[in-house]
Amino acid sequence: MAASSTMLELGTSLPPFSLPDTVSGRIVESGSLSGAPLIVAFVCNHCPYVKHVQAELVALGRDAAEKGVQMVAISSNDVSSHPEDGPGPMAVEARKAGYPFPYLYDETQDVAKAFRAACTPELYLFDADGRLAYRGRLDDSTPKNGRKVTGKDARAALDAVSRGERPSAEQHPSIGCSIKWKAGNEPGW
């Protein structure tokens with residue numbers, strides 16, 4: 001079932017996190033990513049919406065790095081109901097897709113809750129001061145609407161932030177698969 005992002009308030013500080021990268025095994029801490037803009041993408045392996053935009057996410061990650069913007073992807077799904085979204089399969093998927101960014105595993109789902117993440121894919125762009133400048137969709141393409149995947153919404157925000165400017169306040173929620181919450185761990189929003 002499709003879900004939409006909750007649209008965390010612009011200007012919100014980057015929620016702290018410390019999560020394992022499923023490829024390298026190292027712990028990635030939000031504090032080590034400060035001082036430069038940062039894209040945080042909530043994704044997972046099984047979601048058809050993520051699969052639909054995966055090549056553009058990879059390209060966005062490469063382009064972001066060229067602009068001095070860091071990027072991480074996070075999967076927060078419950079692996080008891082979706083084992084294909086666990087750390088081992090995540091590492092395989094990251095290598096196969098050529099992710100140029102760490103693919104982090106949020107086992108407790110606390111990070112997803114801190115971001116108020118609701119679906120995959122869902123993007124957050126923080127400026128160099130760690131303040132939320134953009135949140136929502138990559139672009140207006142979905143697996144069934146026939147629109148070309150361009151990343152235009154996220155790219156416009158990325159370009160603005162990399163120039164030290166504010167992205168347009170006209171931002172649209174992402175639409176995708178709902179995050180698969182553990183039983184009894186569902187957020188109350």
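In what order do the 3 strands of the open sheet with antiparallel pairing come? The order is β1-β10-β7. The two edge strands, each pairing on one side only, are β1 (2–4) and β7 (119–120). Keep in mind that this is a predicted model.

## The chain as a whole

There are 4 helices and 10 strands here. Reading from the N terminus, the elements go β-β-β-β-α-β-α-β-α-β-β-β-α-β. The radius of gyration comes out at 15 Å, close to the 16 Å that the globule rule gives for 189 residues, so the chain is as compact as a globular protein of that length. Along its principal axes, the C-alpha trace spans about 40 × 40 × 35 Å.

Of the 189 residues, 52% are buried. Among contacts with a separation of 6 or more, 79% come from residues 24 or more positions apart. The chain exposes about 8500 Å², and carbon and sulfur atoms supply 51% of that area.

## The three-stranded sheet

Back to β1-β10-β7. Strand β10 (residues 175–178) runs antiparallel to β7, and 2 bridges join them. On the β1 side, 3 bridges link β1 to β10, again antiparallel. Cysteine 177 of β10 turns up in both pairings: it is the bridge partner of alanine 2 and also of threonine 120. Cysteine 119, for its part, is partnered with serine 178 in β10.

Here are the bridges side by side:

| Residue | Bridge partner in β10 |
|---|---|
| Alanine 2 | Cysteine 177 |
| Cysteine 119 | Serine 178 |
| Threonine 120 | Cysteine 177 |

What packs on this sheet, touching β1, β7 and β10? That's helix α1 (residues 48–66), whose direction makes about 130° with that of β10.

## Threonine 120 and its neighbour

Threonine 120 deserves a stop of its own. This residue lies in strand β7 and has 2% relative accessibility, so it counts as buried. Leaving out residues up to four places away in sequence, threonine 120 touches Phe42, Val43, Cys44, Cys47, Tyr49, Val50, Gly176, Cys177 and Ile179. Cysteine 177, its bridge partner, is on that list too.

Then comes a backbone oddity: the peptide bond joining threonine 120 and proline 121 is cis, with omega about -5°. Proline 121 sits in the loop between β7 and β8 (122–126).

## The five-stranded sheet

The other open sheet has 5 strands in the order β6-β5-β4-β8-β9, with mixed pairing. Its edges are β6 and β9 (132–136), each pairing on one side only. From one strand to the next, the twist averages 20°.

Inside this sheet, strand β4 (residues 38–42) pairs with β5 in the parallel sense over 5 bridges. One of the matched pairs is alanine 41 with alanine 73 in β5. Helix α1 shows up again here: it packs on the sheet through β4, β5 and β8, and its direction makes about 145° with that of β5. So α1 touches strands of both sheets, β1, β7 and β10 in one and β4, β5 and β8 in the other. Helix α2 packs on the five-stranded sheet as well, touching β5 and β6, with its direction at about 175° to that of β6.

## Helix α2, inside and out

Which residues of helix α2 (residues 87–97) are buried? They are Met90, Ala91, Glu93 and Ala94. Looking down the axis of α2, these buried residues fall within an arc of 165°, so they line one face of the helix. As a general point, an α-helix has 3.6 residues a turn, so residues three or four places apart point the same way.

The cover over the buried residues of α2 includes α1, β5 (70–75) and β6 (103–105). Turned away from that buried side is a face with the exposed residues Val92, Arg95 and Lys96. Just after α2, glycine 98 adopts a positive phi of about 80°.

## Two more positive phi values

Positive phi also appears in residues other than glycine. Methionine 7 has a phi near 60° and is found in the loop between β1 and β2 (18–20). Glutamine 109 has a phi near 70° and belongs to the loop between β6 and α3 (110–115). Is glutamine 109 buried or exposed? With a relative accessible area of 0%, glutamine 109 is buried.

Note on methods. Residues are numbered from 1 along each chain as its sequence is written. This is a predicted model: local features need pLDDT of at least 70, side-chain atom pairs count only at pLDDT 80 or more; totals for chains, interfaces and linings use all residues. Side-chain values use heavy atoms; hydrogens and water are left out. Two strands pair if DSSP finds at least two bridges between them. Contact means heavy atoms within 4.5 Å. Axes are lines fitted to C-alpha atoms, for helices over the stretch in contact, and angles run from 0 to 180 degrees between N-to-C directions. Buried means under 20% relative accessible area, exposed over 50%, partly exposed in between (1.4 Å probe, protein chains only). The arc is that of the directions from the helix axis to the C-beta atoms. The radius of gyration is taken over C-alpha atoms; the globule rule is 2.2 Å times the number of residues to the power 0.38. Accessible areas come from the Shrake-Rupley method with a 1.4 Å probe; for residues, only the protein chains shown count as cover.
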